[in-house]
Amino acid sequence: MNRQKIVVLGTGGTIAGEANADDAEGYTAAVQGVQILLLSVPGLAQLPCELLAEQVAQIDSKDMDTEIWQRLILRCTHWLAQPDVQGLVITHGTDTLEETAYLLHAVLSPSKPIVLTCAMRPATAADADGPQNLKDALTVAAHSGARGVVVVCAGNIHGAKAVQKVHPTRLNAFSSGDEPLVGRVQDGQVFLEGNWPVAQFKWEQKAIENIASLRQWPRVEIVMSHAATQGATVDALVAADVAQRFDAPAVQGLVVAATGNGTLHYALEVALRRAQAAGVRVVIASRCLLASAGAKSGAVFQDSQGLTPVKARVALMLALI
Ligand code: SIN
């Protein structure tokens with residue numbers, strides 16, 4: 001089989017950002033098109049693959065929404081099905097990158113690589129990190145045997161399930177916590193340290209098409225357990241008349257960023273039991289940064305199986321579809 005093409009899908013982010021003319025410190029994310037980004041990648045000609053580029057979205061990833069996720073799922077599905085496509089690279093903002101990576105991992109569990117990459121400095125910065133990250137991502141996508149959804153940033157290859165943005169400004173802003181890295185990429189070479197990610201569950205093509213065409217995804221909100229938590233927050237979230245007043249869909253699921261190993265403020269627990277009795281799915285995650293072993297939730301609530309609150313939210317939305 002001839003698998004010589006890599007498709008680069010652009011979605012915006014700081015990697016596509018440009019400095020603001022009137023503000024030395026500031027920049028605007030998601031300005032440059034993905035074709036332009038490729039022009040600044042060093043040594044592109046040495047890659048053993050032909051590149052195709054497609055702009056799927058052009059946003060600051062803080063504004064990511066399900067409509068763009070659906071488009072991305074469809075474009076990934078389309079390109080992955082082409083026999084001559086070796087893999088995909090997605091340029092993405094850092095802020096919600098881990099959510100998109102986890103979604104693609106959970107829904108597509110691809111046998112070819114989908115490599116998300118990003119930057120912490122805009123494309124116009126003298127010391128922009130985007131071109132090297134993009135080159136590293138292309139190197140990983142071209143690597144023989146690469147598969148699954150990974151994130152490449154600052155020379156590290158993270159699995160989609162473990163990766164998390166842990167710093168707001170550092171070039172190496174991502175961590176896999178206690179989980180091993182998939183590997184590292186340096187000087188155009190991949191050094192494996194762990195396994196390529198494989199999702200637990202394989203969705204049928206029909207189910208993927210259903211996700212990609214849903215008009216409205218199940219509404220799942222995140223609440224946090226903290227000192228002096230008010231149970232009223234949960235009551236307000238699940239109250240049908242409140243949702244109606246804001247013309248919002250009813251809440252079907254709640255993910256809790258619980259303390260420590262899945263413990264809850266007593267007032268929150270009472271309100272969550274009420275919500276669950278009323279039919280709302282409740283999932284307990286930990287608000288601790290290194291919680292991949294999973295927070296215990298006792299017999300009453302389901303636990304997030306080690307997913308962070310934002311990824312547990314994606315998983316719960318998918319489970320409720
Ligand atoms: C974004 O997430 O789109 C902006 C921030 C970044 O890419 O670092």
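Student: How many salt bridges does the rule find across the interface of domain 1 and domain 2?

Tutor: In this predicted model, the rule finds zero salt bridges across the interface of domain 1 and domain 2. Polar contacts are counted separately, and there the tally is three residue pairs between domain 1 and domain 2, both partners being at pLDDT 80 or more.

Student: Where do domain 1 and domain 2 lie along the chain?

Tutor: Domain 1 covers 5-192, and domain 2 covers 217-320. Their C-alpha centres are 30 Å apart.

Student: How many residues are in contact between domain 1 and domain 2, and what area is buried between them?

Tutor: An interface may be read first by its contacts and then by its area. Here 18 residues of domain 1 touch 13 residues of domain 2. About 1,300 Å² is buried between the two domains, with carbon and sulfur atoms giving 68% of that area. On the domain 1 side, E99, Y102 and Q164 lose the most area to domain 2, and together they account for 34% of what that side buries.

Student: Let us turn to the ligand. Which residues are around the ligand?

Tutor: The surrounding residues are G13, T14, D60, S61, G93, T94, D95 and A119. By class, this shell divides into one nonpolar, five polar and two charged residues.

Student: Which atoms of S61, T94 and A119 approach an oxygen atom of the ligand?

Tutor: One should distinguish side-chain from backbone atoms. For S61, a polar side-chain atom lies 2.6 Å from a ligand oxygen atom. T94 likewise places a polar side-chain atom 2.5 Å from an oxygen atom of the ligand. With A119, a polar backbone atom is 3.4 Å from a ligand oxygen atom. As for burial, the ligand taken alone exposes 260 Å², and the protein buries 94% of that.

Notes
Residues numbered from 1 in each chain as written. Predicted model: local features only at pLDDT ≥ 70, side-chain atom pairs only at ≥ 80, totals over all residues. Heavy atoms only, no water. Near = heavy atom within 4 Å. Polar contact = N/O pair within 3.5 Å; in protein donor to acceptor, adjacent residues only side chain to side chain. Areas by Shrake-Rupley, 256 points an atom, 1.4 Å probe, with all protein chains shown as cover. Nonpolar A, V, L, I, M, F, W, Y, C, P; charged D, E, K, R; others polar. Domains from an automatic or database assignment. Contact = heavy atoms within 4.5 Å. Buried area = accessible area lost by both parts, 1.4 Å probe. Salt bridge = Lys/Arg side-chain N within 4 Å of Asp/Glu carboxyl O.
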